[in-house]
Amino acid sequence: MILTLGALPDVGSAILFSWGTAVSYFNRSALVPSAPRLKASLPDGGLTPSTLALTWGSGQAASDNGLGQITGDASGTVNYVTGAIDLALPTLPSGGEEIAVAYQFGDPNLERFDYPVRDGNGSITLALAQTNLTPGMVQLRFNAFYEEVQSDTELVIEKNDPIITLHDDGNGKLLNTEGTELGTVNYVAGTVNFVPDGQSGVPQTRYEWRTIGTSLDAEGNTVARQRWTLVEIYYVQAPYLFPTDDSGWVEVQYRSNNASTGGTATLTLAALTLDLTPRIGEAILAGSVRFTLGGSTYVDKQGLLYRAIDPATGAGEQAGTLDYANGVASVTVWTPGQANSAALVSLVTSMVAQSVDEVTFRTPGAPLAPGSLYLSASTVDGRRIETTANGDGTISNADMSGLVDYQTGISTVRFGRLITAAGHEGEPWYDAEQVDANGKIWRPLSVVADTIRFNCVVYSYLPLDADLIGLDPVRLPSDGRVPFLRKGNIAVVHSTQRSAFAMGVVAGQSLNVGRERLAHLHLEDKDGKQLAQPLYTTDLDAGIVTLANPLDLTGYAEPLYAVHRIEDMSLVTDVDISGRLTLARPLSHAYQAADTLVSSALIIGDLWARYANLFDQKVWTNKWEDYLIGDPCTAQYNDTDFPILVTNRACLQERWMIQFTSATNFILVGEHVGQIAVGDVNSDFAPTNPNNGQPYFVLDHRGWGAGWATGNLLRFNTIAANYPLWFIRTVLQSVAALDSDQFEVQLRGNVNR
């Protein structure tokens, strides 16, 4: 495949393509589903035959006939050993109707016989500890080995260890699950005799590597990309043999007529079960099911059953679930009193479901909320697997491995698991080149493509009000992300680390942090509280911090930490789409990727404190303006010969007003700080900045002229040695993800350490 794109793709983007393969579908709408049935289990096992009685409604009743069949006003079966009941009523009952059950039961006996000896004819005879066995209550289990059967091209049956189950029919015969007689029971004597060897049909699957596309390797050669695909399911008659060594065992569970106990239970008709594909071993195509029951039409949507569908909206009442793998529907809502029979309107099945072992897809929107992607699928053998992506985007459980990019919504998932390669060399999926350094190999797991489902939470962005943020939001990207470094910008590469003092520090103790030419160093206690500056001194060039002597650490908790930073500032000469930066000068420090960050720097230029807009005004109008309002004063202040003195350290960005309260006394008022000082024309005026103990400004008393009167004012502005910055940050309405959130802004000179 050759593809020409209209622009250079973004980093992390992907090219997705899809394809289809031929499949065989079957119209099974002519099938007759089984009657809806109640399947339930009694709280007790080991039921005594001919003691089960069921009553419900207005005098309806049913009972067992001693052979595991239920007759009367309802039909069905009962498993005496497990207490499982399968019941079909002639009409649909009321939802939630209760059935009262009475029965006799006794604890079943379980005996195990390890490596029993065969008789001369190859059968096994076991004498149980109890006699007078209850007919229909004998169940026998034993282990066996399937023989290895091979075709001309592949291994069909591997040796494994199945469990064979036999049960008695109430008449002294032991039958397997297919109804074949394999032994006998002597109820009076308490003995069983059976043949432990036989054969059974075993389902098998056949896979092939199918080419789904091609790619180019590093040398430019075309390499086929293949997928491990299920192509056929078939059955093989395989013989099984009872082990001839000491690994063989037999378990017999039975009841004796010597003891029984009365029991009662209540069965609630909360759900009815019906098999839509009786005697058909095919998978149902999702979305193809429609059947009628009790005057209502039921349809399936992604494994859920709905009825009373509104043609206009497509909405309906959820009424049950559907298992696509085995065709069994569980109906939870129905119309009572109607005939208890279902009829198919439409049903499509497939012998070979389209299976995949890897999938790549993109969610309908992006970005995604971290940890919100949920993925589920069904394997070809009907097993459901599911997982939720981790917060870092990894997808990992016993049957899946993959990654989701929360920013783009692109996900790639492989189904299967890493296993030890040794011992699997004969598997059709084995490839020696795929064995990793740890001796592991990926074993693919095929899932039905139609059953793969996902859901997630997608963030969406609403346009901001231009009046609210003060600029046109059309220029802002929809996801709020903007490049913070471009060619020609200044970048600061920096690394901050923490070095700990040993417990029990003493006055005068020094700590070498292991790095030189530091840009910054301060001390914190174990709770992050920064130590006062007088408690230590620093040598940034040597990377050494020394505690004060004497030392008072009251209010601080050990251990103490030295927080230190190295950095380089440089011009950015190139910015690559991959995120790689090219700087105009080499880095002067050795940085570790784990703790190194890159920050942008805003070049401000020279900064200095100053004053401006000095003027006098006859009366105060309660308006802060930078020009005269009304008449000027008769007197003036001479700032030509006696300018106002300001310093970078203490000067504040503020509008000031000096208002006279008499001919010589005045007050100082700031637009933001309010009234903070008083003075007179006979002394220098230097109001103190409480943040650093230095004066906001100094007004020389010699600059005052004569003629000041009460109410006159002198107006001027001070401009701090600072730069106007505007920080805009948007927080979406949601539950708080963090208890606290912060960022740092540093005002720095141009000295590069």
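**Exercise 1. Find which residues line the largest cavity, and sort them by class.**

*Solution.* Start with the list: the walls of the largest cavity come from Pro36, Leu38, Leu87, Leu89, Pro93, Leu269, Leu272 and Asn340. Keep in mind that you're looking at a predicted model. Next, sort the names. Leu and Pro count as nonpolar, while Asn falls among the polar ones. That gives a lining with seven nonpolar residues, one polar residue and no charged ones.

**Exercise 2. Work out how many cavities of 30 Å³ or more the structure holds, and what volume the largest has.**

*Solution.* Here's the idea behind the search: rolling a probe the size of a water molecule over the atoms shows where empty space is left. Now count: there is one cavity of 30 Å³ or more. Then look at its volume, which is about 40 Å³ for the largest cavity.

**Exercise 3. Place Thr387 in the structure, decide whether it is buried or exposed, and list its contacts.**

*Solution.* First, locate it: Thr387 belongs to strand β35, which covers residues 384-388. Second, check accessibility. Thr387 has 11% relative accessibility, so it counts as buried, as the cut-off for buried is under 20%. Third, skip the neighbours within four places in sequence; Thr387 then touches Leu373, Tyr374, Leu375, Ile395, Ser396, Asn397 and Met400.

**Exercise 4. Classify Cys456 and Cys633 by accessibility, then say how many disulfides turn up.**

*Solution.* Take Cys633 first: its relative accessibility is 9%, so Cys633 is buried. Cys456 comes out at 24%, so it's partly exposed. Finally, the disulfides: searching the whole structure turns up zero.

Terms used: Residues are numbered from 1 along each chain as its sequence is written. This is a predicted model: local features need pLDDT of at least 70, side-chain atom pairs count only at pLDDT 80 or more; totals for chains, interfaces and linings use all residues. Side-chain values use heavy atoms; hydrogens and water are left out. On a 1 Å grid over the protein atoms alone, a cavity is a set of points where a 1.4 Å probe fits but cannot get out, and a pocket is an open set with protein on both sides within 12 Å along at least five of seven lines; lining residues have an atom within 4 Å of a point. Grid points are joined across faces, edges and corners, and a volume is the space filled by probe spheres set on the points. Helices (H or I, at least four residues) and strands (E, at least two) are DSSP runs, numbered from the N terminus. Buried means under 20% relative accessible area, exposed over 50%, partly exposed in between (1.4 Å probe, protein chains only). Contact means heavy atoms within 4.5 Å. A disulfide is a pair of cysteine sulfur atoms within 2.5 Å.
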